[in-house]
Amino acid sequence: MKISLIAARAENDVIGNGAEIPWRARGEQLIFKAFTFNRWLLVGRKTFESMGKLPDRRFAVVSGSGFRCEDEDVACFASVEEALGWLSKQTDEVMVAGGGQIYRQCIERADVLHLTRIHAAPEGDISFPAIPASFQRVFTQSFNSNTNYSYELWLPSQAD
Ligand SMILES: NC(=O)c1ccc[n+]([C@@H]2O[C@H](COP(=O)([O-])OP(=O)(O)OC[C@H]3O[C@@H](n4cnc5c(N)ncnc54)[C@H](OP(=O)(O)O)[C@@H]3O)[C@@H](O)[C@H]2O)c1
């Protein structure tokens, strides 16, 4: 199963403030919508509770506190390992969609990073982890909006 990670982070690597995303960049969410459409999303319990269940997506939610959701499009797991093991039998690609704790646990094993850089530096208490040196940015596309942003595609470097 391909593990794709998708996130938007500010210039200061902030991705969240409390339960909220601390910016409004018009158009930026279209990137998330396009990449996650009809896909399984792997999320932490806090992100799931904050973003809610989005249509046309299925959710694997990780929680150590026994969080449960009675919904045919939502599956709950006690660990990231358990979730990935189960997902690998359901799909050929999972989109790791946050938040900070889940990105931290999954970034080393991701096959691709879809990262949006928001060109602002808002205050926040949740940050994106350092990108492992094994990744390189292979594509960038800039977008002009009320707050400008850039989409970046990162892939593992080719072995020599
Ligand atoms: N900018 C972006 O692209 C983006 C995307 C997504 C989210 N966000 C933001 O990120 C923030 C939330 O991130 P967060 O780091 O606070 O929380 P999170 O990663 O969304 O969820 C954390 C929760 O996941 C569960 N969990 C994590 N690792 C686990 C493990 N190994 N085993 C069992 N359960 C585990 C725990 O749930 P229990 O407490 O139930 O045990 C934990 O409290 C919010 O501000 C949100 O808006 C930003």
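A residue is called buried if 20 or more other C-beta atoms lie within 10 Å of its own. By that yardstick, strand β4 (residues 58-62) is mostly covered, with five of its five residues buried. This is a predicted model, and strand β4 is a handy place to begin a tour of it. From there we can visit the sheet, the ligand and a few unusual spots in the backbone.

**Strand β4 up close**
- Which residues of β4 point one way, and which the other? R58, A60 and V62 point to one side, while F59 and V61 point to the other, and all of them are buried.
- That pattern may look familiar, since side chains in a regular strand alternate between the two faces of the sheet.
- On one side, β4 has β3 for a partner: the two strands pair in the parallel sense over five bridges. Within that pairing, L42 has A60 of β4 as its bridge partner.
- β4 is also joined to β5 by four bridges, and these two strands run parallel. Here V62 is matched with F77 in β5.
- Follow the chain from β3 through α2 to β4 and you trace a right-handed β-α-β unit.

**The whole sheet**
- Zoom out, and you will find an open sheet of eight strands in the order β5-β4-β3-β6-β1-β7-β10-β9, with mixed pairing.
- Where does the sheet end? Its edge strands are β5 (74-77) and β9 (135-143), each of which pairs on one side only.
- On average, neighbouring strands in this sheet are turned by 20° against each other, if direction is ignored.
- Strand β3 (residues 40-44) also runs parallel to strand β6 (residues 93-96), and three bridges join them. L42 of β3 appears again here, with V96 as its bridge partner in β6.
- Helix α1 (residues 28-36) packs on the sheet, where it touches β1, β3, β6, β7 (112-118) and β10 (149-156). The direction of α1 makes about 170° with that of β1.

**Around the ligand**
- Which residues come nearest to the ligand? Of the 28 residues around it, those are G16, G44, G98, G99 and G100.
- Four elements give two or more residues to this shell: β1 (2-10), β2 (14-16), α2 (45-51) and α4 (100-106).
- Sorted by character, the shell residues are 12 nonpolar, 13 polar and three charged.

**Unusual backbone spots**
- As background, most residues other than glycine have a negative phi, and most peptide bonds are trans.
- What is the peptide bond from G98 to G99, cis or trans? This bond is cis, with omega near 0°. G99 sits in the loop between β6 and α4, and both G98 and G99 are among the residues that come nearest to the ligand.
- N38 is not a glycine, yet its phi is positive, near 60°. You can find N38 in the loop between α1 and β3.
- Why does N38 count as exposed? The reason is that N38 has 7 C-beta neighbours inside 10 Å, and a residue is exposed if that number is 12 or fewer.
- D56 has a positive phi as well, of about 65°, although it is not a glycine. Its place is the loop between α2 and β4.
- D56 counts as exposed because 10 other C-beta atoms lie within 10 Å, whereas the five residues of β4 are buried.

Methods:
Residues numbered from 1 in each chain as written. Predicted model: local features only at pLDDT ≥ 70, side-chain atom pairs only at ≥ 80, totals over all residues. Near = placed C-beta within 6 Å. Nonpolar A, V, L, I, M, F, W, Y, C, P; charged D, E, K, R; others polar. Pairing = 2+ DSSP bridges. Axes fitted to C-alpha atoms, helices over the stretch in contact; angles between N-to-C directions. Contact = placed C-beta atoms within 7 Å. Right-handed = clockwise from strand over helix to strand, strands pointing away.
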